[in-house]
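Dear colleague,

I am passing on the structure we spoke of, with some notes on its aromatic side chains. Please read the notes with the structure open beside them.

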Amino acid sequence: MAALLLLLLLSAGVLLPSIEAQEAYSKLPDKYRKGVDLALQQLNSHFGVQHHFLFFKSLLKSDIESGFNVQYIYHNFYLKATTCARGTVNPSHQRCQFRNDRPLMDCGICYKTFAGEIEKDPKPYVHCLHKPKLTKAMSTTRQEHCRKMSYTSGAPTLLSSTKNDTDE
């Protein structure tokens, strides 16, 4: 009886983080979910990756509204390896349980959206690295790259320009 109860508790302990992560992913606004999907697509198609990864949790989210239905998105989040092999079709948290013997993958992604869709120009920046290997300098470089990307838009410059007397 005690062994059965212990088995039940262990099973619940394995499933609970998966359920919480699925809820966290489903609660993400669509503009952030699209970025997570892009990072997962790139990571899960990488030759050196052996396990399938799924979203685990968000660390930092920010967006800059640039006007004219344009937004610049930055999202820092964790992905976690699962028991499923890379290339698994239709992975889910129920089918692919999280592995606790692998380090988290720390991802930083920034991209431009127009009308809610990720733009190809400027090219979305996706940087994922195993958490133990991520240094403070790498994290700072990642954020600086994304900060520069968000200021390349000409819209704020255009809107802040004024008419001079010599323009007539």
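The notes below take the aromatic pairs in turn and then the charges that sit over rings.

Please keep in mind throughout that this is a predicted model. The count of aromatic pairs comes to 3. One of them joins Y25 and F55, whose ring centres are 5.9 Å apart and whose planes meet at 55 degrees, so the pair is classed as tilted, given that edge-to-face would require over 60 degrees. Because Y25 belongs to helix α1 (residues 2-27) while F55 belongs to strand β1 (residues 51-67), this contact ties together parts that are 30 residues apart in sequence. Both partners are buried, Y25 with a relative accessibility of 18% and F55 with a relative accessible area of 2%; the value for Y25 counts as buried because the cut-off is under 20%.

A further pair is made by F56 and F98, which are arranged edge-to-face, with 5.4 Å from centre to centre and 85 degrees between the planes. This pair, too, links distant parts of the chain, since F56 lies in strand β1 and F98 in the loop between β2 (70-85) and β3 (105-114), 42 residues apart. F98 counts as buried, at 8% relative accessibility.

Returning to Y25, I would add that this residue forms one aromatic cluster with F55 and F77, and that the charged end of R33 sits over the Y25 ring, 5.9 Å from its centre. A similar arrangement involves K61, whose charged end sits over the ring of Y32 at 5.6 Å from the ring centre.

With best regards

How values were computed
Residues are numbered from 1 along each chain as its sequence is written. This is a predicted model: local features need pLDDT of at least 70, side-chain atom pairs count only at pLDDT 80 or more; totals for chains, interfaces and linings use all residues. Side-chain values use heavy atoms; hydrogens and water are left out. Rings of Phe, Tyr and Trp (its six-membered ring) pair if their centres lie within 6.5 Å; planes under 30 degrees apart count as stacked, over 60 as edge-to-face and the rest as tilted. Helices (H or I, at least four residues) and strands (E, at least two) are DSSP runs, numbered from the N terminus. Buried means under 20% relative accessible area, exposed over 50%, partly exposed in between (1.4 Å probe, protein chains only). A charge sits over a ring if NZ of Lys or CZ of Arg is within 6 Å of the ring centre and within 35 degrees of the ring normal.
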